[in-house]
Amino acid sequence: YAGLFAAFTVLVQLEYYRMCMGAGVYPARRISIVGACSMYVAALFAPELHQLVLPAFGTAAMIWFLTMRREVSTLPEIATTFTGMFYLGY
């Protein structure tokens, strides 16, 4: 049952990010998908840690945007990353 929710989250996030990429916004897709699925796994196996997964992956996404990208990140890219991760995973 939890696997179906995780698979649905991955599919919906990929569709959301494809729509954003069609508009010229390129979010951090891998971090968001891993973060959203990690929220499901944490809620299932370690409910007391569930609230820590959200800020951990939010911080990881911001670190990636600030250090790993070769070009300057725009606000829409950051916003779509957080929207996909928080809205669909939380």
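This is a short dialogue about reading pockets, cores, helices and ring pairs in a predicted model.

Me: Let's begin with the pocket. What is the volume of the largest pocket, and which residues line it?

Reply: Happy to start there. The largest pocket has a volume of about 220 Å³. Its lining is made of Met21, Tyr26, Pro27, Ala28, Arg29, Arg30, Ile31, Trp64 and Arg69.

Me: How do the residues of that lining divide into nonpolar, polar and charged?

Reply: Six are nonpolar and three are charged, with no polar residues. If you look for the element with the largest share of the lining, go to helix α2 (residues 29-45), which contributes three residues.

Me: Now the interior. What should I have in mind when I look for a core?

Reply: The general idea is that in soluble globular proteins, nonpolar side chains tend to be buried together. In this model, the largest nonpolar core has 11 residues: Ala28, Ile31, Met39, Ala42, Val53, Leu54, Ala61, Phe65, Ile78, Phe82 and Met85.

Me: Which helices each supply at least two residues of this core, and which gives the most?

Reply: Helices α2, α3 (50-68) and α4 (75-89) each supply at least two. The most comes from α3, with four residues.

Me: Helix α2 keeps coming up. How many residues has it, and how far does it reach?

Reply: Helix α2 has 17 residues and spans 24 Å from its first C-alpha to its last, close to the 24 Å expected at 1.5 Å a residue.

Me: And which residues of α2 are buried?

Reply: They are Ile31, Ser32, Ile33, Gly35, Ala36, Cys37, Met39 and Ala42. Ile31 is a handy one to select, since you have met Ile31 in the pocket lining and in the largest nonpolar core.

Me: Let's finish with the rings. How many aromatic pairs does the structure hold?

Reply: There are three aromatic pairs. Take Phe5 and Tyr40: their ring centres are 6.2 Å apart and their planes are at 40°, so this pair is tilted. Phe5 lies in helix α1 (residues 2-22) and Tyr40 in helix α2, so the pair ties together parts that are 35 residues apart in sequence. Phe5 is partly exposed, at 37% relative accessibility, and Tyr40 is partly exposed too, at 25%.

Me: Why does the pair of Tyr16 and Tyr17 count as tilted?

Reply: Planes under 30 degrees apart count as stacked and those over 60 as edge-to-face, with the rest tilted. The planes of Tyr16 and Tyr17 are at 50°, so this pair is tilted, with ring centres 5.4 Å apart.

Me: Are these two buried or partly exposed?

Reply: Tyr16 is partly exposed, with a relative accessible area of 23%, whereas Tyr17 is buried, at 0%.

Technical notes
Residues are numbered from 1 along each chain as its sequence is written. This is a predicted model: local features need pLDDT of at least 70, side-chain atom pairs count only at pLDDT 80 or more; totals for chains, interfaces and linings use all residues. Side-chain values use heavy atoms; hydrogens and water are left out. On a 1 Å grid over the protein atoms alone, a cavity is a set of points where a 1.4 Å probe fits but cannot get out, and a pocket is an open set with protein on both sides within 12 Å along at least five of seven lines; lining residues have an atom within 4 Å of a point. Grid points are joined across faces, edges and corners, and a volume is the space filled by probe spheres set on the points. Ala, Val, Leu, Ile, Met, Phe, Trp, Tyr, Cys and Pro count as nonpolar, Asp, Glu, Lys and Arg as charged, and the others, Gly among them, as polar. A nonpolar core is a set of buried Ala, Val, Leu, Ile, Met, Phe, Trp, Tyr and Cys residues joined through side-chain atoms within 4.5 Å. Buried means under 20% relative accessible area, exposed over 50%, partly exposed in between (1.4 Å probe, protein chains only). The expected span of a helix is 1.5 Å times one less than its number of residues. Rings of Phe, Tyr and Trp (its six-membered ring) pair if their centres lie within 6.5 Å; planes under 30 degrees apart count as stacked, over 60 as edge-to-face and the rest as tilted.
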